[in-house]
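Me: Got a minute to go through this one with me? I'd like to start with the contacts and work outwards.

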2 protein chains.
Amino acid sequence: MASIKDVAAEAGVSVATVSRVLNDHPSVSPAARARVLAATESLGYRPNAVARSLRTDRTRTLGLVISDVLNPYFTALARSVEEAARTLGYSVIIGNADERPELQDHHVRTLLDRRIDGLLVSPTDGGSPLMLDTARSSTPMVFVDRWIPGVDVPVVRADGRAAVRDLVAHLHGIGHRRLAIIAGPAATTTGSERVEAFREALGAYGLPLPDDHIGQGDFQADSGRRATERFLALPEPPHVIFAADNLMALGALDAIRARGLSVPHDIGLAAFDDIPWFVHTDPPITAIAQPTGDLGRAAVQALVDLIEGRSPRSVTLPARLVVRRSCGESPTDQRSTT
Amino acid sequence: MASIKDVAAEAGVSVATVSRVLNDHPSVSPAARARVLAATESLGYRPNAVARSLRTDRTRTLGLVISDVLNPYFTALARSVEEAARTLGYSVIIGNADERPELQDHHVRTLLDRRIDGLLVSPTDGGSPLMLDTARSSTPMVFVDRWIPGVDVPVVRADGRAAVRDLVAHLHGIGHRRLAIIAGPAATTTGSERVEAFREALGAYGLPLPDDHIGQGDFQADSGRRATERFLALPEPPHVIFAADNLMALGALDAIRARGLSVPHDIGLAAFDDIPWFVHTDPPITAIAQPTGDLGRAAVQALVDLIEGRSPRSVTLPARLVVRRSCGESPTDQRSTT
DNA sequence: CTGAAAGCGCTTACAG
DNA sequence: CTGAAAGCGCTTACAG
């Protein structure tokens with residue numbers, strides 16, 4: 001592959017001049033510039049980003065560690081992150097933690113070794129030593145979706161509290177009283193917050209959230225399946241199950257169907273995170289939608305601000321309830337079902 | 001961040017010795033090794049991968065350019081690629097082409113600039129000049145899922161021909177005669193092959209595939225919606241629509257529902273690519289499943305073989321039909337509906 | 001406007 | 001077994 005030396009030789013100038021042309025440095029004569037450009041073209045020269053990064057100590061690359069690529073929510077987030085980063089002249093390298101803390105650490109380490117300019121993380125757990133060290137280090141870092149309490153890092157996330165209240169109001173309005181939740185890992189903020197928001201909203205109606213109505217999941221489908229089986233085996237199964245993410249809702253549907261039961265007739269189902277398929281499931285699923293695109297853009301903006309020496313803002317955006325038919329219909333519900 | 005010099009100073013040895021310890025070079029005294037390891041530990045030293053890559057001309061990184069991250073099929077593929085690569089000691093950087101050739105080229109260029117060791121591509125089109133140049137260059141490259149005819153690059157893919165024949169047999173058995181397809185871009189192999197396989201299979205039953213029964217899609221949901229609207233506006237709409245991927249099937253469902261029609265009563269639907277949600281849609285969708293995990297692993301194996309000087313094999317794996325209820329039921333169908 | 005030179009952080013023949 | 005030195009491909013003060 002042609003190097004800057006080859007271009008310099010071909011153009012009859014020094015490598016310094018070639019470098020200046022490539023970096024749009026003002027003080028280059030038009031003649032020299034033209035010869036360099038011609039040589040670049042004819043050799044098909046492309047600067048070696050590795051060498052450039054070593055010299056400048058910048059990679060123009062962002063690392064994004066997401067909890068699970070198989071989760072459409074994170075996939076949509078990753079897409080908007082990449083798009084926003086590209087607009088600002090950055091590439092992004094995605095690491096998939098698969099909801100496993102050790103895999104998350106592996107990716108953080110690899111990304112750091114590659115000297116990415118900044119790190120966007122949706123932590124899978126409460127904070128490994130590596131994650132905590134990184135947050136304390138000089139590496140620019142922003143949490144997105146999930147965060148680690150007590151760590152001084154900007155956070156970009158959605159607040160689902162109001163939407164959860166709306167959900168509970170909706171369920172209560174239909175007449176449901178025994179409500180259960182499949183939670184994410186307590187070590188994640190979204191895992192614990194969604195339970196707390198749910199419990200609080202229930203409390204407003206004087207409804208309890210007994211321990212056997214809290215299923216412990218890990219945000220993946222299998223755990224939704226298992227938690228649902230346990231609910232269905234209860235002497236008095238819940239009227240409605242609220243899954244704290246879309247994959248656990250998928251697992252819940254599997255389990256309900258395997259039991260030969262039907263939604264919403266035998267049991268209701270709602271989910272955190274809205275995905276396109278929820279319109280077409282049997283029945284369409286009531287869900288809480290996050291402004292995924294905005295979250296991705298805001299997260300990139302905060303991280304790039306940090307990298308480029310501006311002060312970043314933490315951002316909290318609202319989520320909203322989308323009512324469909326999976327919890328039954330109340331006569332007072334006038335909402336559309338798409 | 002500590003560099004190799006700091007470690008050398010701390011351990012009282014030369015940087016050469018530090019490097020040898022880090023790279024498990026045999027000729028290092030146990031005493032020196034111990035001191036280096038201790039220094040590495042106490043400084044929290046991590047070798048700079050950028051510098052190492054520049055020196056060794058290897059990045060131990062694979063590039064993966066996929067057509068669309070929002071497509072669960074590619075997301076599953078990406079996951080298995082990353083896992084297989086990690087096992088072999090490689091990282092992978094994913095580029096999302098979003099089915100746009102210019103974006104695909106952008107990612108290929110960026111990946112090449114970063115000097116990835118090899119490239120895995122599922123081409124979005126028939127081959128841009130850049131893609132063709134890259135294939136001819138010395139950069140190790142493997143096509144996965146889709147490929148570019150006439151280019152001498154190993155291909156790892158699924159052959160859906162037999163499964164498409166099974167699908168048409170199934171449809172014919174139920175009594176459907178007017179069959180339509182939403183195709184992917186003709187410039188992609190999977191775009192044209194699936195139409196050809198479908199046409200051939202229809203031919204075996206003496207059924208035609210008129211032009212107005214071929215919808216031109218681009219593998220994304222919107223195009224499935226538009227193609228379906230056109231089918232439904234025909235004086236004699238098709239009995240069944242076969243979408244050449246899962247996102248266009250999603251779009252088709254949207255359009256069918258918007259018309260107030262129901263599947264399979266008013267019109268049947270089948271899709272290429274099977275995804276978990278197809279079990280829970282209304283109705284469950286008949287689909288052709290690809291061995292995604294095996295494809296990812298085989299692709300990585302072929303690419304790493306190429307990188308490490310072994311001769312890679314092209315691999316073609318079979319896809320298989322999974323019958324559900326979205327095309328109606330024939331009395332002779334004895335298959336399960338999950 | 002231009003070039004020679006130093007240096008980013010590593011690895012690796014070479015000499016001892 | 002060990003170290004001094006060269007060099008990977010760039011960028012950038014410095015001097016002219």
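Reply: Sure. This is a predicted model. In it, a polar side-chain atom of B:Ser14 sits 3.1 Å from a phosphate oxygen of DNA strand D.

Me: What about B:Ser29, how far is its polar side-chain atom from a phosphate oxygen of DNA strand D?
Reply: That distance is 2.8 Å.

Me: And which side chain has an N or O atom 2.2 Å from a base oxygen of strand D?
Reply: A:Arg55. A:Arg55 is also among the residues that come nearest to DNA strand D, along with A:Ser19, A:Tyr45, B:Thr17 and B:Arg20, out of 26 residues around that strand.

Me: OK, so what part of DNA strand D do the atoms within 4 Å of the protein belong to?
Reply: Sugar or phosphate for 62% of them, bases for the rest.

Me: Which elements supply the surface near DNA strand D?
Reply: Helix 1 (4–11), helix 2 and helix 4 of chain A, plus helix 2 and helix 4 of chain B, each give at least two residues. The largest share is from helix 4 of chain A, with 5 residues. By class, that surface has 11 nonpolar, 9 polar and 6 charged residues.

Me: Now the other strand. Which residues come nearest to DNA strand C?
Reply: A:Thr17, A:Arg20, A:Arg55, B:Ser19 and B:Arg55, from 26 residues around DNA strand C. For B:Ser19, a side-chain N or O atom is 2.5 Å from a phosphate oxygen of the strand. For A:Thr17 the corresponding distance is 2.6 Å. A:Ser14 has a polar side-chain atom 3.1 Å from a phosphate oxygen of DNA strand C.

Me: Which helix gives the most to the surface near DNA strand C?
Reply: Helix 4 of chain B, with 4 residues. The classes there are 11 nonpolar, 9 polar and 6 charged. Of the strand C atoms within 4 Å of the protein, 61% belong to sugar or phosphate.

Me: Switching to the protein-protein side. How many residues are in contact between chain B and chain A?
Reply: 47 residues of chain B touch 46 residues of chain A. The area buried between the two chains is about 4500 Å², with carbon and sulfur atoms giving 59% of that. On the chain B side, B:Arg115, B:Trp277 and B:His280 lose the most area to chain A, together 18% of what that side buries.

Me: How many salt bridges and polar contacts across it?
Reply: The rule finds 4 salt bridges across the interface. One salt bridge pairs A:Arg79 with B:Asp98, their closest N and O atoms being 2.7 Å apart. There are also 20 residue pairs in polar contact. Helix 6 of chain B gives the most to the chain B side, with 6 residues, and by class that side has 21 nonpolar, 13 polar and 13 charged residues.

Me: Last one, B:Ser67. Where is it in chain B, and is it buried or exposed?
Reply: B:Ser67 is in the loop between strand 1 (61–66) and helix 5 of chain B. B:Ser67 counts as buried because its relative accessible area is 0%, and the cut-off for buried is under 20%.

Me: What does the B:Ser67 side chain reach?
Reply: The backbone oxygen of B:Ser122, at 3.1 Å. Leaving out residues up to four places away in sequence, B:Ser67 touches residues including B:Phe74, B:Asn96, B:Asp98, B:Thr124 and B:Arg146. B:Asp98 is the partner of A:Arg79 in that salt bridge across the interface.

How values were computed. Residues numbered from 1 in each chain as written. Chains lettered and ligands numbered in written order. Predicted model: local features only at pLDDT ≥ 70, side-chain atom pairs only at ≥ 80, totals over all residues. Heavy atoms only, no water. Contact = heavy atoms within 4.5 Å. Buried area = accessible area lost by both parts, 1.4 Å probe. Salt bridge = Lys/Arg side-chain N within 4 Å of Asp/Glu carboxyl O. Polar contact = N/O pair within 3.5 Å; in protein donor to acceptor, adjacent residues only side chain to side chain. Nonpolar A, V, L, I, M, F, W, Y, C, P; charged D, E, K, R; others polar. Near = heavy atom within 4 Å. Buried < 20%, exposed > 50% of the residue type's maximum accessible area, 1.4 Å probe, protein only.
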